[in-house]
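Biologist: Please take one part of this protein and look at it closely with me. I am new to this, and a short explanation of each term would help.

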Amino acid sequence: MFKHYLCINYKSDLVNKKITNEKNMNNNLSSCTIITFEPLEIIPEDLVFFLDEYFDVTACNYTDDGKEEYVGYAGIDFDEHNFVNTAQTLNLTLPRYKIEVLKNKNWLTENVIKFDPIETDDFLIYGIHEKETPATNKPAIKIYAATAFGSGHQTTKSCLNAISDLNKMGVKHQNILDMGTGSGILALACAKIWQQDKLIITAVDIDDESVRVTTQNAFDNNLEQFLNVAQSDGYSSEIVHNNAPYDIILSNILARPLIEMAPSLYAHLKTGGYCVISGFVDDQVDWVLKSHEQQGLKLIKAYNIDNWHALLLEKI
């Protein structure tokens, strides 16, 4: 089992370069070179920096035992010799890797992720490949997740459980931010249960394709009127800033970016507001929690499914 998320580099000049490259890739759907690296306990920061700079798009897959597997996406003209030589010039040791060339005029949109329906106490999430809506008396959300991340993972279930707990607590929820929205599941879950309450949800992601998929999923579920979907490098975009402060912030990404964004999360959350953070494994819990407690957030509840964790915190 892997958890799939786009890696995020928060240095603005690098992000601008990556966004441009992502657009170029999305405009060239004819082919793609995928370089998958052997999972490591932890990837050195200098190697992460190099991979993020070298490839058009990078992704990080976390295995259930917490190892990090990097994946690089490049054009069909990827030059392996240049890649290896550049790494050697920088005195970097590359993990073992494999190269796959994927040729298909619709490779981005024809590979629908066919995940089993996700059922929690209060929600049912199912894929567009299902011919009929699964039988349920719970709020059901239909998801297309081929080209965006964050669909059928344990952390998604934990975050849905946290949203259920917030609903039972009767917390204020008129203004919500879904940071790193992926395919929009968490934003849509909030819209589904609170749509009668003049709800505004800002759903953002660094990946343009996630923005497109979330927008489509909102329309497919007749919830588009509640969502403002946009591309954003973390909290830096105008829409995230202008819509703050938030009653609730949801952020199901990974440990490292969560820690880097902790000060921004605190600054954009209302006093008395709540956040749900997720995307980290057993040995990362204390690291992530401490970085948020240092900002002034208080732990309300912890969630754990199969080594993956989520935390519900309040801004006192």
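Modeller: Of the 316 residues of the protein chain, 54% count as buried; that word stands for under 20% relative accessible area, while exposed means over 50% and partly exposed lies in between, using a 1.4 Å probe and protein chains only. The model is predicted: local features need pLDDT of at least 70 and side-chain atom pairs pLDDT 80 or more, whereas totals for chains, interfaces and linings use all residues. Residues are numbered from 1 along each chain as its sequence is written, and side-chain values use heavy atoms, leaving out hydrogens and water.

The chain holds nine helices and 15 strands. Both are DSSP runs numbered from the N terminus: helices are H or I with at least four residues, strands are E with at least two. Contacts here mean heavy atoms within 4.5 Å. Among those between residues at least 6 apart in sequence, 73% join residues at least 24 apart.

Now to our chosen part, an open sheet. Seven strands make it up, in the order S11-S10-S9-S12-S13-S15-S14, and their pairing is mixed. Strands count as paired if DSSP finds at least two bridges between them. Strand S11 (227-231) and strand S14 (297-305) each have a single partner strand, so one side of each is left without a neighbour in the sheet and they stand at its edges. On average, neighbouring strands of this sheet are turned by 15° against each other, direction ignored. For such angles, axes are lines fitted to C-alpha atoms (for helices, over the stretch in contact), and the angles run from 0 to 180 degrees between N-to-C directions.

Let's start at the S11 edge and move inward. S11 and strand S10 (residues 200-205) run parallel and are joined by five bridges. You can find one meeting point by looking for Asp205, whose bridge partner in S11 is Gln231. On to the next pair: S10 and S9 are also parallel, with five bridges. Here Ile200 in S10 stands opposite Asn175.

Strand S9 (residues 175-179) deserves a pause, as five of its five residues are buried. In a regular strand, side chains alternate between the two faces of the sheet. On one side of S9 you will see Asn175, Leu177 and Met179, on the other Ile176 and Asp178, and all are buried, which leaves both faces covered.

What lies across the sheet's other strands? Helix H4 (residues 154-169) does, crossing strand S12 (246-252), strand S13 (269-281), S14 and strand S15 (308-315), and running at about 130° to S14.

Charged side chains come next. Side chains of opposite charge can pair when their charged atoms come close. A salt bridge is a side-chain nitrogen of Lys or Arg within 4 Å of a carboxyl oxygen of Asp or Glu, and the whole structure has six of them. Inside our sheet, Lys270 forms one with Asp247, with the closest N and O atoms 3.0 Å apart. Lys270 belongs to strand S13 and Asp247 to strand S12, so this pair ties together parts that are 23 residues apart in sequence. Lys270 is partly exposed at 25% relative accessible area, but Asp247 is buried at 3%.

Another salt bridge joins the side chains of Arg256 and Glu68, at 3.6 Å from N to O. Arg256 sits in helix H8 (residues 255-268) and Glu68 in strand S4, so parts 188 residues apart in sequence are tied together. Both residues are buried: the relative accessible area is 19% for Arg256 and 3% for Glu68. With Glu45, these two residues are linked in a network of salt bridges.

For contrast, glance at another open sheet, made of three strands in the order S6-S7-S8 with mixed pairing. S6 and S8 are its edge strands, each pairing on one side only. S7 and S8 are parallel over four bridges, and Ile125 has Ile141 in S8 as its bridge partner. Helix H5 (residues 185-194) lies across S7 and S8, at about 150° to S8.
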